[in-house]
Structure formats: structure tokens, C-alpha cells
Amino acid sequence: MFKMLIVDDEQFEREGVKFLIDKYDLQLEIHEADSGESALAFMKQNHVDILFTDIRMKGMDGLQLAAAVRELAIPVKVIFMSAYGDFEYAQKAIDVNAIRYILKPVQVNEFLKVISQVIHMCEKEKQEEERQKQLEKAYGQGIIRHEKQRLVSQLIHGEIDDLQLQHESFELQAPIPMLTGSRALRMVMLDARSRVFDLSDLDLERLISECVQRQHEGFNLNEYQSMLFMEVLEGDTTADMEAIGNRILQQFKKKYDTDLFAAFSGPIDNIGSLRIAYNEIESILESKFFYDKGAVLIAESAWIDGHSSDSVEEKMSEIAKDVERKDFQSARMRFETLVELLKAGKQISSIYLKYSCMEILKMMFDYAPKKNTEQFKKNLEQIYKSNKLSELCMLMISALESCETTDGQTADSNNRKVTEFILRTIHNEYKRDLSVEELAESVYLSPNYLSHLFKKQVGVSIIKYITNTRMKKAKELLAETNKKVADISEETGYSNMAYFCSLFKSHFGMTPTQFREELGI
């Protein structure tokens, strides 16, 4: 409820105003003063939203009161009330920032109209103040969250320990407050195939909360990965983890149209175990290799084989015999059959599969009439670094097909052309959401293989190169134009301005606003 101070040296006039406010239920808290001096003294000690004052009074009149209030910078809406004969005062009212002017005798309709308008103005200002407070609070929380994320990253990578953590500020000494309790936690890595974790934090947190349905805390590591710390409940089973993971996968697919891997670690009961849990997560995420779509991966069961190694060994042996007979077409068909078999159920170790493929590749090299040692080494490296079953399949099929036909165009030349095309695409289309999957599809390669190829030739990952390109363009726009930071954020491919500002600060050590201030813009 807003407060209104009625100032008039005639009690009859004050009572009349109070009567109208009460009769029409205007929802105002009313205070009175019989002079300008007493009104000013009251306002120095109490908050007032609306000052409703007569102009002509003994001693300090209404205009002098309003001028004194303005000089003291008291935020209040001023409404003057005066008789017809005092109309010349209306001109002076403008100089003291009066909001409205009502003539005596007061007309009910005019009075209600003016008071309602001023109440509405107060309500709008209050809403704006609340919004500003929320923004400031969110900004402050964002800074603390960013620092906590930095500390968690350093902890899981072994860059600092819990003793060094004690030197941080009090707010940051427990970057994962849930670990200070009596219950154990479970680390969950959400690994998306497309960028989602730079979107609205509120939407993501709400979605994850609805899926997890227990106490948790999360940190976005980058656009593609987010790490959750989720409490372990008594009686938790693998089925419970799978249910949570599947809910998250389904909701991400529905809302963001992206495949997601949810990798669950074993229980964590102290900060010192974070690095162990993170390594465990990294290990089970290696099984992403066998999935073309998202999946739930749990530490206790991620490496249970669905096929006996004997069965796979038999099929690899048959492929080796085909290669020995130089029946590369049969070898290719057998390998495609093996891949389909692996896709159908749970998988063997990707390390074993890669090793077997490299052995077959060595046989192909030994039997080749013309040996290209450099290309052979590159093929081995590509197989070793492949991150997906479909990618390994493509590499092996390509190698087997190359033995069936002759092609004078070198792989290096093709690779350079692919990289040049990707670079042109990034420079021309950095403003929109470019995913590795989309770029890979444009050159008919798997995302993992393209990522490997690009980093090898350019020196940085595709995502890093896109980010560097956007940051360079953002810096140019900040220095050379008067565009708003929000517009520059949109123009460089970031719909979330807070994320853009955080990324800019990470790159250049200052926010976009600070960068402009340093340039004197």
C-alpha cells in the first residue's frame, strides 16, 4: 500500500480529501500535516509516495514545500490543490516537478482520475525497482556461480586441493555446499550433441529439477556439457539412476531437439574424491563411441559386454582372412555386418575394437603392391583417435574400398579442401547457431572425424575457432560502432547476453562495457 501525505492548513479540506479516499477505497495509507514545515519534518523521517498539498498556506506554502523536497532529493509524486484565484501558481508548479494540479472546489471525477493515475505511476515504478533488484541479485549470483564453477573445474582436474580451497573467500570455500552435509553425492555429466548449455539458465534449471526430483546443484562447463551433483538417497539402485537419466534425455530431446548422454559416477563423500569421480565419468563416456543417439551411462554397469569377445574375435578373424586373400569386397561386407551387430546390443571395449581394426589395417599395408607409409600412419592415427562407432566404420570402409579401386587424389588434398570449406562457412555464417554436426553433414563426414581433421590442420577445435571468430567480430563492433551490447551479442551468435558477456570477459579479461570504457567510447 502506498503512503500519501495530505498537507493543508484547513482541517476541513484535509477531512474532505480523506473522505473521498475512504469512500472510493483507493487503498492508500493516509498521513496529515497542517503546515509546510510540519510536512517537511515528517518527510525527513518517513517514506512518502504521494504528496497532496495545498499551494497557499501560512508560513511555508506548497510551492516552497515542493522545492525543499526536490532539493533534498526525496522521491515523491507531488499533487497541488488550490482555488481558482490561485491559477497563476500552476505555472510555478512545473518548476518543482509537480505531477498533477487539482483546482478547488474538488470535482470528484477529476480527483479520482488524478489519484488513480498517480497510483498507477507508483505501481509501475515499484515494479521497475523490483525488476532492477532482481537483475542486480542475479548478476551478483552469476559472479559467485562463475567463481564456483572455476573452483570445481580446478578441483576435478587436480589443479587445486581442499587445503588450497581454504584460502578462497568464505562464499567460495564450499563450491559444492551439498558436500558439507552427511549424505554422499553422485556426479552426473550431461554431454549434448549440440549447444544447449548457453541458453537460459532458468529454463535449464527448471527442466533438470523436474527430471532429477531430489536435491542437486549444477555447473555448465561449456555450451555442450553441464555437471550436476545429485544427492544419493538411501536404497538408490541402478534402475533409479537410469530412470532419472532417461527423463533428462527425453526432456532434452523434446525441448531442444538434441541427443544427450547422461553419465553417472559412483558415490562421492568428500571433495578429495571429486577428481576420482570425474576420471570415472570420463572413462564411461568413452562408450559414447558405440551410440549414434543419446544414452544413460552408469559407472557400475557401463562396461558390461553384450557380446562375447570370442564372437567378435571370430568375425575379425574372418575379415583378416578376406584381406589375406585380397577379397576386400567381402572384408568390407563382413565389417559392415559386425558394426550392425555391435549396434544391436551392449558393446565390447572400444579399445579392443580399435586394436583389431589397426591390425587389419597393417595387414592391408603389408599386402599392398605400392606402399604409402605416410598415409598408412595417418590411417592408424585416425582409427586410434576415432570417437564414434560410425566414424570407425567409415574409416575402415574407406580403407577397404581404396584397396578395391585406385584414386590419384591424395587424402591430404581432400582434407585441405574440407578444412577450407569449413573455414569459409564459419566466417560467412558465424552469426547463426553452427553445430559440429551440421558442418560435418555439409562435407559428408562424421562430427568426430571432422573435429579431429580440423584441429589437426588449424590447431584449435571447431567450437574454439567459432568462438574466437565471434569474439574477434564482437571486439570490432564494440570499437567501431555504437550498437548496444545486447545487439552485438545477437549479431555474433549469442542469444543469451549474460553468457556472451561472460565469454567476452574470459577472452579479453574485461566485460564489453569495460572494453568500451577503456577505449573512451
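## Why do we call it that?

Guide: Of the 521 residues in this protein, 44% are buried. It's a predicted model, so to speak: local features need pLDDT of at least 70, side-chain atom pairs count only at pLDDT 80 or more, and totals for chains, interfaces and linings use all residues. Residues are numbered from 1 along each chain as its sequence is written, and side-chain values use heavy atoms, leaving out hydrogens and water.

Visitor: Why is Ser226 called buried or exposed?

Guide: Buried means under 20% relative accessible area, exposed means over 50%, and partly exposed is in between (1.4 Å probe, protein chains only). Ser226 has 2% relative accessibility, so Ser226 counts as buried.

Visitor: What makes the link between the side chains of Ser226 and Asn220 a polar contact?

Guide: A polar contact is a pair of N or O atoms within 3.5 Å; within protein, one must be able to donate a hydrogen and the other to accept it, and residues adjacent in sequence count only if both atoms are side-chain atoms. Here the distance is 2.8 Å, so the pair fits that cut-off.

Visitor: Which residues does Ser226 touch, not counting those up to four places away in sequence?

Guide: Contact means heavy atoms within 4.5 Å. Among the residues Ser226 touches are Val188, Phe197 and Leu221.

Visitor: What makes residues 225–231 a strand?

Guide: Helices (H or I, at least four residues) and strands (E, at least two) are DSSP runs, numbered from the N terminus. Residues 225–231 are strand 8, and Ser226 lies in it.

Visitor: Which residues of helix 3 are buried?

Guide: Helix 3 covers residues 62–71, and its buried residues include Gly62, Leu65 and Val69.
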